[in-house]
Structure formats: C-alpha cells, structure tokens
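Reader: I am in my first year and still learning to read a model like this one. Please take a close look at the salt bridges and at whatever belongs around them, and explain the terms as you go.

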Amino acid sequence: MNAPTSSATADTTPLRRNLLRACHLLLVVGLGLTAWPRLLASGADGPLIDGAFDAVLCAVQLLAVAGLFAPVRMVLVLVFEVLWKAVWVLVVAVPLWSRGAVTPEVAETLFACAWAVPFVVVIPWRALVRDLVGGREPWRAV
C-alpha cells in the first residue's frame with residue numbers, strides 16, 4: 001500500500017527533489033565533518049552547552065540522511081536548519097555587528113550560517129505552507 005502523497009511531493013519537480021537531496025547531503029557531510037568530531041572529542045569533558053548543541057546537530061545530521069531518500073518528506077529538517085540560523089543571526093550576530101563587536105568566532109559562525117542560504121531558495125515554501133495549513137489535525141476526536 002502506498003503512503004498518501006502530499007501536495008508538496010506531488011508538486012515538486014525532479015530537479016527540485018534532487019536539489020533538496022543536495023541540501024540534505026550538504027548537511028550530512030558538513031555536520032559529519034564538524035559536529036560529530038567535536039562531540040566525540042570533547043564528550044563529557046567539554047562545556048555542557050557545547051555538548052548539547054553538538055548533540056542536536058548530530059541528530060539533525062542523522063535526520064538529513066533520511067532526507068537523501070525522502071527529500072520532500074524530510075524538508076522540515078532543512079527548514080529547522082534555516083530557522084535556527086536565521087534566529088541566531090538576527091538575535092546574536094546583528095547586534096554584535098551593530099556594536100562593532102564581531103569576533104573571529106562570530107565571523108566563523110556567520111560563515112557557517114551562510115551555507116543555509118541555498119536551502120531558502122530550494123525549499124518548496126508554497127507547497128510546504130499549503131500542506132501544513134491544509135493538513136491540520138483536529139485538536140480532539142470528533
């Protein structure tokens with residue numbers, strides 16, 4: 001039996017699906033080269049918040065692996081990546097930049113955030129919103 005097809009899946013061209021796969025692959029490779037080594041190297045010996053942050057990124061990387069096989073169904077992994085980076089840029093980086101207090105660490109994180117820009121272009125936003133709004137689940141049983 002086939003799973004129901006969302007409008008995002010039905011409306012997404014093969015080119016866009018492959019671009020979504022490329023975005024998921026970027027997450028898989030990028031986080032595999034950065035987050036996993038940091039988490040495994042520091043583990044319980046590093047700062048607690050750094051370990052928690054890296055663990056979240058490692059979980060995102062594992063979800064991105066699923067996105068290689070189901071790129072449209074796993075598009076919310078890319079949305080999460082765009083959103084947390086946008087929030088960080090707006091709440092942390094922009095105020096630091098406006099005060100002239102951008103450190104090398106901030107600049108490095110800003111560079112990492114820039115890798116999410118292609119995601120904004122590739123994500124099928126209209127179909128995603130249509131699926132999320134049109135596919136509402138009831139609050140209680142009828």
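Author: The structure holds two salt bridges, a salt bridge being a side-chain nitrogen of Lys or Arg within 4 Å of a carboxyl oxygen of Asp or Glu. This is a predicted model, in which local features need pLDDT of at least 70 and side-chain atom pairs count only at pLDDT 80 or more, while totals for chains, interfaces and linings use all residues. Residues are numbered from 1 along each chain as its sequence is written, and side-chain values use heavy atoms, with hydrogens and water left out.

One salt bridge joins Arg38 to Asp54, whose closest N and O atoms are 2.7 Å apart. This pair links distant parts of the chain, since Arg38 belongs to helix α2 and Asp54, 16 residues away, to helix α3; a helix here is a DSSP run of H or I with at least four residues, numbered from the N terminus. Arg38 counts as partly exposed because its relative accessibility is 39%, whereas Asp54, at 5%, counts as buried. The word buried means under 20% relative accessible area, exposed means over 50%, and partly exposed lies in between, with a 1.4 Å probe and protein chains only.

The other salt bridge brings together the side chains of Lys85 and Glu81, at 3.1 Å from N to O. Lys85 and Glu81 are separated by about one helical turn because they stand four residues apart in helix α4, and both Lys85 and Glu81 are buried.

A residue from each salt bridge also appears at the largest pocket, for Arg38 and Lys85 are, together with Leu31, Thr34 and Ala112, the nearest to its centre among the 19 lining residues. A pocket is an open set of points on a 1 Å grid over the protein atoms alone, where a 1.4 Å probe fits and protein lies on both sides within 12 Å along at least five of seven lines, and lining residues have an atom within 4 Å of a point. The elements that give two or more residues to this lining are α2 (14–42), α3 (48–69), α4 and α5 (104–114), with α2 providing the largest share, six residues. By type, the lining of the largest pocket divides into twelve nonpolar, three polar and four charged residues, where Asp, Glu, Lys and Arg count as charged, Ala, Val, Leu, Ile, Met, Phe, Trp, Tyr, Cys and Pro as nonpolar, and the others, Gly among them, as polar.
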